[in-house]
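Q: I'm new to this structure and would like a close look at a single part of it. Could you walk me through it?

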Amino acid sequence: MARAKPRQTGRIPLAATAGRGGRKPALALPRPRRRGWLLRLAILLSLWSLIASAALLAWLAWDLPRPESALAATRRPSVTLLDASGGVIAHSGDLYGETVAPRDLPRHVIDAMLATEDRRFRSHFGLDPIGLARAAFVNLVERRVVQGGSTITQQVAKNLFLTPERSFRRKGQEALLALWLERHFSKDEILAIWLNRIYLGSGAYGIDAAARLYFGVPARGLSVWQAAVIAGLPKAPSRLNPRANPAGAIARGREVIENMVAAGWLTEAEAARAKAEAARGFASAPPRGRSAFAEWAEARLGPLETGSGAVVLRTTLEPGLQTAAERALASALAGEGARAGASQGAVVAVRASTGAVLAMVGGRDAVAGGFNRAVAAERQPGSAFKPFVWLAALEAGLLPETVVEDAPIAVGSWRPENIDGRYRGPVTLAEALAQSLNTVAVRLALQVGMQRVAAAARRAGLTGAIPRDATAALGSGSAGLLELAVAYATFANGGILVVPHGVLSAEADGVTVWRRAGEGVRAIAPEHAAAMASMLREAVARGTGRAAALPGRVVAGKTGTTSDFRDAWFVGWVGDVVIGVWVGNDDNAPMRGVTGGSLPARIFRDVAAAVR
């Protein structure tokens, strides 16, 4: 009987697959195991993640600055100008104070800063995930940027090493540098870097500079309220600082006080006392109107070898005399000047014996960077030039008692006349100068020669144009107010030409790096200077300068008025101080009857009254 064939089942019989020895082979699977596939995928993703991370780090780090070098060069030198009494009159450049350490400051100063800027500063690793999450949530709810999540360490990284650019790349670089800072510096060292270099408005860098600028105290002396105001500035230093926005600074200071209370670092009672201190206000700003002097004095000094330290310039400015000059000019232009069509003016005061500039007003409502009429404007000096004609006459052998003729005179087609239209006949040189007689001035210039007149004026310090014809005798050339005042100083000091200056010494980080040296040179013979001084005293006592006289004081000087009353001058002195005054209009428009003996002489008198 035939054996039946086995039924096909689709499976391979075990016996058919057995190898030698009858061992059973391993089962064969139709596809790989899921676990192995996942492992290989994870490895692949990890490798690509590492490559991507490395590429990202390279992208962020390829142009990062070297932190060590950035920490070494961090400040631009500032320049602070002090007046003769030691008061601050101007700052230029960046303003820095003393370098302070956190341990040197009252606890409430540090608390105010941390409560507002980085409450978890002591515990985070340079980045604050909690702060970032909170800021992101608040900004999402408000649908605008209300809070930032940067730590103080990140702020140090940003301010020292990076540009203000807002981008993902810059934020990534900021994070890398923050981690580097946390690794290389202690928390107190990072806080010290931030406290001393953060910008706090009005050109002030660092907490000590801000404390002195806004409150007139060092950082070590800040009260709770003062510390709160300064701690509120990093958010918007240019917009919230007390100079730009006192109300905004006070409101922000109150927010900081509330932050300190919320952090548990200030009680409600202490907060109330601190807020009450806001009524005291802030330290006064440098007095207005002194920018003309500050800019002139610093520019005239020129460059100094000071390294990178803060520079202090001790200047010649006398604050009392400066204030008197500002007030006298402003009052005169607002009253009599406005009625007479005089809209501008300038005043200078110079010590005759040294050339030190004691006061300088560059114009009405002068501002920093504005046009300084005391030094930059050259106008016709009119009769204020006549003393140099008289000086040339003395040098030619004439005397104050020499008699000359006041009578009509013609030079070609030109027929100069006296301002009052009168002629006095024979007069002495002294009388002719006191009455500012034009005909005599022209006669003297023709007699001694315009070349000799110009030489006398140059030796006295005048540098402007001097025409070669006889019109120069009546001041048809040009002169600046300061140089005219310095030229008159040669009459007041016995004939010595002095150099006008505004800076006595320069200090860098407390070390004197420059001190003014040098003396004037003789420009006029002593006897001629004495004769000129005597005649100019007569011009005030009984001549055209009578309005400049001061009871009980010896005053000398000369008036000057140009054609159509376009310029009016008075230059003279009391004691050792020469004061020059100019009044006119920037567009050279004529005034209504303003002479050197009227408005300028009265301004001179008011300024001279402040000379001690």
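Let's take the open sheet: which strands form it, in what order, and is the pairing parallel or antiparallel?

A: Sure! Keep in mind that this is a predicted model. The open sheet is built from five strands, and going across it you meet β7, β6, β16, β15 and β14, in that order. The pairing is antiparallel. At the edges sit β7 (357–361) and β14 (555–561), each of which pairs on one side only. If you ignore direction, neighbouring strands here are turned by 10° against each other on average.

Now zoom in on one pair within the sheet. Strand β15 covers residues 567–574, strand β16 covers residues 577–584, and the two are joined in the antiparallel sense over eight bridges. To find your place in that pairing, look for V571: opposite it, in β16, stands G580.

The sheet has a helix packed on it, too. That's α15, residues 319–340, and the strands it touches are β6 (344–351), β7 and β16. Compare the direction of α15 with that of β7 and you get an angle of about 30°. So β7 turns up twice in this picture: as an edge strand of the sheet, and as one of the strands that α15 touches. Strand β16 also plays two parts, pairing with β15 over those eight bridges and touching helix α15.

Terms used: Residues numbered from 1 in each chain as written. Predicted model: local features only at pLDDT ≥ 70, side-chain atom pairs only at ≥ 80, totals over all residues. Heavy atoms only, no water. Pairing = 2+ DSSP bridges. Helix = DSSP H or I, 4+ residues; strand = E, 2+ residues; numbered from the N terminus. Axes fitted to C-alpha atoms, helices over the stretch in contact; angles between N-to-C directions. Contact = heavy atoms within 4.5 Å.
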